[in-house]
Amino acid sequence: MACCAAALAQGGEMQFAYKGNPLVRHLYTADPSARVVGDRLYVYTSHDQDSSEKDVHFDMLDWRVFSSADLKTWTDHGAPLALDEISWASKQAWAPDCVGRNGKFYFYFPVEQTKIGVAVGDSPAGPFRDALGRPLVDNTNNIPVVGREPIDPGILIDDDGQAYMFFGCRDARCVKLKENMVELGGEIRPVVIKGIENDTENHGGWYGEAPWIFKRNGIYYLVYSNGWGKDTTMLYATSPQPMGPFDFRGEVMSPSRAGTSHGSIVEFKGRWYVFYHDASLSGGDGKRRSVCFDEITFAPDGSINRLEYRAPQDVE
Ligand code: FUB
């Protein structure tokens, strides 16, 4: 497993076939953000180290990107960005997102549990270079506004061109981005989810982390995780407005038993898919996770038909 990951860190590419979940089996990957560019689907992930016995909480060093035109044959594009390329950060390369605009691709990355940066590149597969030389968002001396843990950026570019960044662990936040995608375009605001007021950490619809926002038939869907542990799963809330308030709707899927839940929902070639992670490849180690995906469907009223997580099975 370590041999392939190391080789690809230098910028190489490798083809592999989908053999059922987990999708990626030659290294540990987590926190998938799936994006469509042209006729290909790209999946941006964080990268759990082979050894999870590190002294830093989720001690991850780089990010990864994979793509496919048919979800059967995949390309591992290697690491489009690594922690040692960012002058102002030294630990915890966590859940990224990436969007294209005006011929460039903007890669949003959380580090150190306290900051989010943005990098830019000419290709959806990277490489990306740090755009600012400093964080885009930083909660140093500003926790009431930015939140206790600004991680897990999730981007939406709405039909009118306005871009939004959702982020945050425990404290959900949303902020507009300017058209250049590398500057905040307004105040950072708390995200309100109605219907979860009495829920507590790791219980019910409580907001934990991992926001992912998408739009379908005029409805804005906010997907997120309800915390940590064996029962954590992906939930969703909806709103007629991009910044909410959102109404809690229910579970996207049953728990994948990875200790964390983090994923994305995307339409690709007329079908909808949920990307998520489990811990099947590592035998249940929540710090060595693996990206998976499954097709999902919607009910006529826009509800997501809850997916039942199934233990991985090879397909030939
Ligand atoms: O992968 C590190 C962290 O674990 C992510 O930022 C969270 O969403 C959780 O999946």
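Q: In S5, which residue is the bridge partner of Ser-68?
A: This is a predicted model, where local features need pLDDT of at least 70, side-chain atom pairs count only at pLDDT 80 or more, and totals for chains, interfaces and linings use all residues. Residues are numbered from 1 along each chain as its sequence is written, and side-chain values use heavy atoms, with hydrogens and water left out. Strands here are DSSP runs of E with at least two residues, numbered from the N terminus, and two of them pair if DSSP finds at least two bridges between them. S4 and S5 run antiparallel and are joined by three bridges, and the S5 partner of Ser-68 is Trp-74.

Q: Which residue in the hairpin of S4 and S5 takes a positive phi?
A: Happily, this hairpin is easy to find: four residues lie between its strands. The one with a positive phi, near 65 degrees, is Leu-71.

Q: In what order do the five strands form the open sheet?
A: Let's start at the edges, strand S1 (14-17) and strand S2 (28-37), each of which pairs on one side only. S1 pairs with strand S5 (residues 73-76) in the antiparallel sense over four bridges, with Gln-15 opposite Thr-75. Strand S3 (residues 40-48) pairs with strand S4 (residues 63-68) over six antiparallel bridges. The pairing in the sheet is antiparallel, and the order is S1-S5-S4-S3-S2.

Q: In S4, which residue is the bridge partner of Tyr-44?
A: S3 and S4 are antiparallel partners. Look across from Tyr-44 into S4, and the bridge partner is Val-65.

Q: How many residues of each class does the shell around the ligand have?
A: Residues surrounding the ligand (a heavy atom within 4 Å of it) include Trp-94, Ile-151, Glu-209 and Arg-289. For the classes, Ala, Val, Leu, Ile, Met, Phe, Trp, Tyr, Cys and Pro count as nonpolar, Asp, Glu, Lys and Arg as charged, and the others, Gly among them, as polar. The shell has four nonpolar, four polar and four charged residues.

Q: How much of the accessible area of the ligand does the protein cover?
A: Polar side-chain atoms of Asp-31 and Asp-152 each lie 2.5 Å from an oxygen atom of the ligand, and one of His-262 lies 2.6 Å from an oxygen atom of the ligand. On its own the ligand has 280 Å² of accessible area (Shrake-Rupley method, 1.4 Å probe), and the protein covers 99%.

Terms used
Polar contact = N/O pair within 3.5 Å; in protein donor to acceptor, adjacent residues only side chain to side chain.
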